Amino acid sequence: MTIRDIAAYAKLSHADIDAIGAELDTIRRDVEKSLGVRDAAYIRRTIVFQRALDVTARLLIVGSRSKAGLLAGSAALAYAKSVENMEIAHNVSHGQWDWMNDPEIHSATWEWDMVGPSAQWRYSHNYHHHVFSNVLGVDDDLGFGILRMSRDQQWEPQHLLQPLRNVLLAMIFEWGIALHDFYSARDRADTEDGKNASRQLLRAKIGRQLAKDFVVLPALSGRRWKRTVAANLGANVLRNLWAYLVIFCGHFPDGAQHFGPETLDEESRGEWYLRQMLGAANFKAGPLLAFSSGHLCYQIEHHLFPDLPSSRLAEISVRVRGVCEKYDLPYTSGPLARQYLQTLRTIFKLALPDGGGRALFERRHLSDRNPDRKHYF
């Protein structure tokens, strides 16, 4: 399906599309002109909060003697890791704070608390996902290489396992992202040296991350090392589950559209904006939930302006919704629970071939199989 097949788009004239692009460009310019001390203070304050919470959680884990203390410390650590991953690292790596010219808070230097290297993530995510959002065969994040998330993707028998793969992916999401980004970088490397460099970069980051969580920090805990190991493992799993939930609710609920590669043919800037708006979904959130999700509850606005500070997305959403209302465009949003249940329903439905279970038994062979396709789980 191309963007031209969507009713919300088809009713628009070329003048309408150009006007939408111009209005969204105006929003971008207005925000860029207003960036200043308040915004810089926000990200610095967030980093201080996250690091203080991390230290407090680790002291509670080691210093308390009760299971309640261990659970409270692990929960606080999981939240600190989530804030670092989503509100800080994800947004810093998008270049949202590069305008500050602070080498400590810059997309080129920030390394996140995940097993995947930030550099590989930036290539796969910032370019292939955000530039070519939801374009089949181009956007590597559409199903992350292991899930069938569109009927335009050919069904294969392995997709019967995708409900189980989905659970596994949620629990080890950072590892899934690391492998996903590695294969994206490796497969597009022009030389064997480039492929080897990608492999070495991933191995080095995995080594440092495992050493930090399961060797260095436990060693610093002395006789309480087992508590630190258990807390780090639990916090990582909780952070993975939360990151998975937020990401999937922003990309796969009902209303988030997928597009064929022909959509990119002579795509104008206005059409690019429309693809971002029609291909993403928001979920309703107050200030705390918005902060906890890295402000990715505003996924539509994030896809329109991925390099604008996350703290501005709430005010931007008011203007974007106004543009949608003016041109009678859908603005997909809903409660977090509903968005995820819709996503889960899609995962289960597309585990079966088109036509349901009956088609599975009637199917005699698969056509157009690609034996070189990479599967990460």
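Let's start at helix α14, which spans residues 336-349 and includes Ala337. Keep in mind that this is a predicted model. From there we go to the aromatic pairs, two unusual backbone angles and a patch of negative charge.

**Ala337 and its distant partner**

- Ala337 counts as exposed because its relative accessibility is 52%, and the cut-off for that label is over 50%.
- Lys284 is 53 residues away from Ala337 in sequence, yet the C-alpha to C-alpha distance between them is 9.8 Å.

**Aromatic pairs**

- Searching the whole structure turns up 15 aromatic pairs.
- One of them joins Tyr127 and Phe132 edge-to-face, with 5.3 Å from centre to centre and 80° between the planes.
- The two partners get separate labels: Tyr127 is partly exposed at 40% relative accessibility, while Phe132 has a relative accessible area of 16% and is buried.
- Phe144 and Phe173 also pair up, with ring centres 5.9 Å apart and planes at 80°, so this pair is edge-to-face as well; the angle cut-off for that label is over 60 degrees.
- That second pair ties together distant parts of the chain, since Phe144 sits in the loop between α5 and α6 and Phe173 belongs to helix α7 (residues 173-187), 29 residues apart.
- Both Phe144 and Phe173 are buried.
- Zoom out and you get one aromatic cluster made up of Phe144, Phe173, Tyr244, Phe248, Phe252 and Tyr340.

**Positive phi in the α5-α6 loop**

- As background, a negative phi is what most residues other than glycine have.
- Asn134 goes the other way, with a positive phi near 65°.
- You'll find Asn134 in the loop that runs between α5 (118-129) and α6 (162-171).
- Asn134 is buried because its relative accessible area is 2%, and the label applies under 20%.
- Phe144, already met in the aromatic cluster, has a positive phi too, near 55°.
- Phe144 is in the loop between α5 and α6, and its relative accessibility of 6% is why it counts as buried.

**A negative patch on the surface**

- Asp5, Asp152, Glu262, Asp265 and Glu266 together make up a negative surface patch.
- Asp5 comes from the segment before α1 (7-10).
- With 53% relative accessibility, Asp5 counts as exposed.

Notes:
Residues numbered from 1 in each chain as written. Predicted model: local features only at pLDDT ≥ 70, side-chain atom pairs only at ≥ 80, totals over all residues. Heavy atoms only, no water. Patch = residues over 30% accessible without salt bridge, like charges linked within 9 Å, V, L, I, M, F, W, Y side chains within 5 Å. Areas by Shrake-Rupley, 256 points an atom, 1.4 Å probe, with all protein chains shown as cover. Salt bridge = Lys/Arg side-chain N within 4 Å of Asp/Glu carboxyl O. Lys, Arg positive; Asp, Glu negative; His and termini not counted. Charge placed at Lys NZ, Arg CZ, Asp CG, Glu CD. Helix = DSSP H or I, 4+ residues; strand = E, 2+ residues; numbered from the N terminus. Buried < 20%, exposed > 50% of the residue type's maximum accessible area, 1.4 Å probe, protein only. Phe/Tyr/Trp six-rings, centres within 6.5 Å; stacked < 30°, edge-to-face > 60°.
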